[in-house]
Amino acid sequence: MLNLERLRTLDALARHGSVSGAADGLHVTTSAVSQQLAKLEREVGQRLLAKNGRGVRLTDAGRLLADHAARILSQVELAQSDIEAQRGEVVGEVRICAFPTAARGLFPAMLTSLRADHPDLAVRTRELEPEQGLRAVLRGDVDLAVVLDWSNKRLPVPGGLAKAELLDDAPDIAMPAGHPLADRDEVELEDFADDPWVSWPEGEFCYEWLMFTLRSRGIEPRIAHLAGEHHTQLALIAAGFGVCVAPRLGRGPVPEGVRLVPVRQTMRRHVHAVWRTDADRRPSVRAAVRALRAAGERAAAGGR
């Protein structure tokens, strides 16, 4: 009989593409992954892996078994969901990730609510950028991901995932207090055509959105500095090194010397929770979504 945990290890290797990636996804050592796969090869009596440069690749038999493993594990999760739903108790563990400002703006209220309402539920959280979060949900590394897209640039949500709206976040433009536009009640993006920008790192969804949005307004962006943390971006603005988009969710204290001005043509970040449809009936997942929605309503009402 095939061992479920060894099938899970094979599935992780197929999804991550390497032994080290599978180990990271399963939170075990690379030697543990290698041992589980070696045992699985002995169980099936066929080679499942072949050397590929410094790494490994799946053989034809390995790919065949990995496809079956993915379906088996999906059915196991569905069975667990049904059992949890029949029992009706919010227990066990739920794993949630979010992009940094959502983690800061939503997680404290969500965790407080879940601890009060469901003390037997263990909640594990981590920060991941939106596209990483989607991949983590699809791989089964997390149960829920809080992701975002923008009104003019959507984040594609793959099939097999369910989605719930949490809130809309309207960002401002942050500029030095001495900027010529700092006393305006509203601004247009075109007003900053000649300013240097402080942006998210290249490759991130929000960086791509900023480039797309500015270019769609006829602005060729002058990206002077890249910083993943909004606090770092605002510190650079306070020191006079450019302007940036400053979301309101999870913003926290604004440094002295920074002025925040709304954009006349409102830009909005849409914040969602996503999870696998085969986990839809799990009471723990549904409880986490409810807590995230309540945290989103509180944040939208100004309790950021």
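**Pockets, salt bridges and cysteines in a predicted model**

Let me begin with the pocket lining, where α4 makes the greatest contribution to the largest pocket, supplying seven residues. I should say at once that what we are looking at is a predicted model, and that the values I quote are computed from it.

Staying with that pocket, its volume comes to about 760 Å³, and the elements that contribute two or more residues to its lining are α1 (4-16), α2 (19-26), α4 (60-87), β3 (92-98) and α6 (130-139). The lining consists of 29 residues, and those nearest the centre of the pocket are Arg8, Glu77, Arg95, Gly140 and Arg276. If we sort the lining of the largest pocket by class, we find 14 charged residues, nine polar and six nonpolar.

It helps to set this against the domains, for which the assignment gives domain 1 (2-83), domain 2 (90-166 + 267-301) and domain 3 (170-260). Domain 1 and domain 2 each provide at least three residues to the lining of the largest pocket. As for domain 3, its centre and that of domain 1 are separated by 44 Å, taken over C-alpha atoms.

The second largest pocket has a volume of about 180 Å³, and its lining, too, takes at least three residues from each of domain 1 and domain 2. Both α2 and α6 supply at least two residues here, with α6 giving the largest share, which is four residues. Among the lining residues of this second pocket are His16, Asp24, Arg126, Arg135 and Asp141, and by class the lining divides into five charged, five polar and two nonpolar residues.

Let me turn now to the salt bridges, of which the structure holds 19. One of them joins the side chains of Arg264 and Glu188, at 3.0 Å from N to O, and this pair links distant parts of the chain, since Arg264 sits in the loop between β11 (258-262) and β12 (269-276) while Glu188 sits in the loop between β7 (172-176) and β8 (196-199), 76 residues apart. The two partners differ in their surroundings, in that Arg264 is partly exposed, at 42% relative accessible area, whereas Glu188 is buried, at 16%.

A further salt bridge brings together the side chains of Glu190 and Arg217, at 3.9 Å from N to O. Glu190 belongs to the loop between β7 and β8 and Arg217 to the loop between α7 (205-216) and β9 (222-226), so this pair ties together parts that are 27 residues apart in sequence. Here Glu190 is partly exposed at 35% relative accessibility, and Arg217 is partly exposed at 23%.

Arg276, which I named among the residues nearest the centre of the largest pocket, forms a salt bridge with Asp278, at 3.7 Å from N to O. Arg276 is buried, at 9% relative accessibility, and Asp278 is buried as well, at 17%. Both belong to a network of salt bridges that also links Arg95, Asp143 and Arg282.

Finally, the cysteines: how many disulfides does a search of the whole structure find? The search finds zero. For Cys97, the closest cysteine sulfur is that of Cys206, and because the two sulfurs are 15 Å apart, they are too far for a bond. For Cys206, the closest cysteine sulfur is in Cys244, at 12 Å, which is again too far for a bond. Cys97 is buried at 0% relative accessibility, and Cys206 is buried at 5%.

Definitions and conventions: Residues are numbered from 1 along each chain as its sequence is written. This is a predicted model: local features need pLDDT of at least 70, side-chain atom pairs count only at pLDDT 80 or more; totals for chains, interfaces and linings use all residues. Side-chain values use heavy atoms; hydrogens and water are left out. A disulfide is a pair of cysteine sulfur atoms within 2.5 Å. Buried means under 20% relative accessible area, exposed over 50%, partly exposed in between (1.4 Å probe, protein chains only). On a 1 Å grid over the protein atoms alone, a cavity is a set of points where a 1.4 Å probe fits but cannot get out, and a pocket is an open set with protein on both sides within 12 Å along at least five of seven lines; lining residues have an atom within 4 Å of a point. Grid points are joined across faces, edges and corners, and a volume is the space filled by probe spheres set on the points. Ala, Val, Leu, Ile, Met, Phe, Trp, Tyr, Cys and Pro count as nonpolar, Asp, Glu, Lys and Arg as charged, and the others, Gly among them, as polar. Domain bounds come from an automatic or database domain assignment. A salt bridge is a side-chain nitrogen of Lys or Arg within 4 Å of a carboxyl oxygen of Asp or Glu.
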